[in-house]
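Here is a short report on a protein chain. It covers charged pairs, a helix crossing and some surface features.

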Amino acid sequence: MEDGWARFVFAYLNPDVAAEWGPKIFEGAVITIELGLATIAAGLFFGMALAVLRASAPRWVGRVIVAFVDVFRAWPPLVVIIVLFYAFPYVDLPMGAFTATWLALSLVLAAFAEEIWWAGLQSVPKGQWEAARSTGLSHLQALVWVAVPQAVRMTIPPLVNRTIAIVKGTALGSVVALPEILGQATSASSLAGNPTPLTLAALAYLAIFLPVVILGRWIETRFAWKR
């Protein structure tokens, strides 16, 4: 039993390997955090903008938005990353690994966020719109000042869950050699001939995303409609 535990520690919790490659994992964690925050900011903003545009623009614009949303909800994020990174240079639009991963995840998040926010806008009672218009507000003003705040509150739970699920896709950046946590850990594990860097990567992901999950649960509770 002791020999088995010693072999496990040597393989997955080797202190020498951890000390040597820990700084690289930390560098990857910084990139993962930067990528995650950039994805959340761009994806949620773009998704909200599309939902508002769909609710206020002519019908043909709404159809274009629906087509965009359906395509990016259907595509796996990994496929989008690969297309942006490997295919776009052929049309003179080369992208770095960080940019391709960020743009891919942001577009996917925006597609899901738009659909969630659109459902929230549609769930606002018709009487709220009529009351807002009766006070002299234009359709756009009623949308921004009356409908959107109610829709945001109603869509917090699904939006938080979807955002967390997509942002965890930062690990997909390792496919295009982005030196985030998984990329650094995979490279370090190969060079060290020991899987300890992968253990460090798992702990790093836990340290980053567990607080996000807890924060998401708190936000859901804080902004949920009282029953």
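The text below starts with the salt bridges and then turns to helix packing and the surface. The model is predicted.

**Salt bridges**

The structure holds four salt bridges. Side chains of opposite charge can pair when their charged atoms come close. Three of the pairs are listed here, with the distance between the closest N and O atoms.

| Pair | N to O distance | Separation in sequence |
|---|---|---|
| E114 and R54 | 3.3 Å | 60 residues |
| R54 and E115 | 3.4 Å | 61 residues |
| R73 and E115 | 4.0 Å | 42 residues |

Which residues do these bridges link into a network? They are R54, R73, E114 and E115.

Take E114 and R54, whose salt bridge spans 3.3 Å between N and O. E114 lies in helix α5 (residues 97-122) and R54 in helix α2, so this pair ties together parts of the chain that are 60 residues apart in sequence. Both partners are buried. For R54, the relative accessible area is 17%, and buried means under 20%.

R54 also forms a salt bridge with E115. That pair again links distant parts of the chain, with R54 in helix α2 and E115 in helix α5. E115 counts as partly exposed because its relative accessibility is 26%, and partly exposed covers values between 20% and 50%.

E115 meets R73 in a salt bridge as well. R73 sits in helix α3 (residues 59-74) and E115 in helix α5, so parts 42 residues apart in sequence are tied together. R73 is partly exposed, at 37% relative accessibility.

**Helix packing**

Two packed helices are described by the angle between their axes and the distance between the axes. Helix α6 (residues 126-134) and helix α7 (residues 139-167) have axes that come within 9 Å and cross at roughly 135 degrees. Therefore α6 is oblique to α7. The crossing is right-handed.

**Surface and helix α2**

A nonpolar patch on the surface is formed by W5, F8, Y12 and L13. Together these residues have about 430 Å² of accessible area. Y12 belongs to helix α1 (residues 2-12). Is Y12 buried or partly exposed? Y12 is partly exposed, because its relative accessibility is 39%.

P23 is found in helix α2 (residues 15-56). P23 is partly exposed, at 48% relative accessibility. P23 and M95 are 72 residues apart in sequence, and their C-alpha atoms are 27 Å apart in space.

Methods: Residues numbered from 1 in each chain as written. Predicted model: local features only at pLDDT ≥ 70, side-chain atom pairs only at ≥ 80, totals over all residues. Heavy atoms only, no water. Patch = residues over 30% accessible without salt bridge, like charges linked within 9 Å, V, L, I, M, F, W, Y side chains within 5 Å. Areas by Shrake-Rupley, 256 points an atom, 1.4 Å probe, with all protein chains shown as cover. Salt bridge = Lys/Arg side-chain N within 4 Å of Asp/Glu carboxyl O. Helix = DSSP H or I, 4+ residues; strand = E, 2+ residues; numbered from the N terminus. Buried < 20%, exposed > 50% of the residue type's maximum accessible area, 1.4 Å probe, protein only. Axes fitted to C-alpha atoms, helices over the stretch in contact; angles between N-to-C directions. Parallel < 35°, antiparallel > 145°, perpendicular 65-115°, else oblique. Left-handed = near helix turned anticlockwise from the far one by under 90°.
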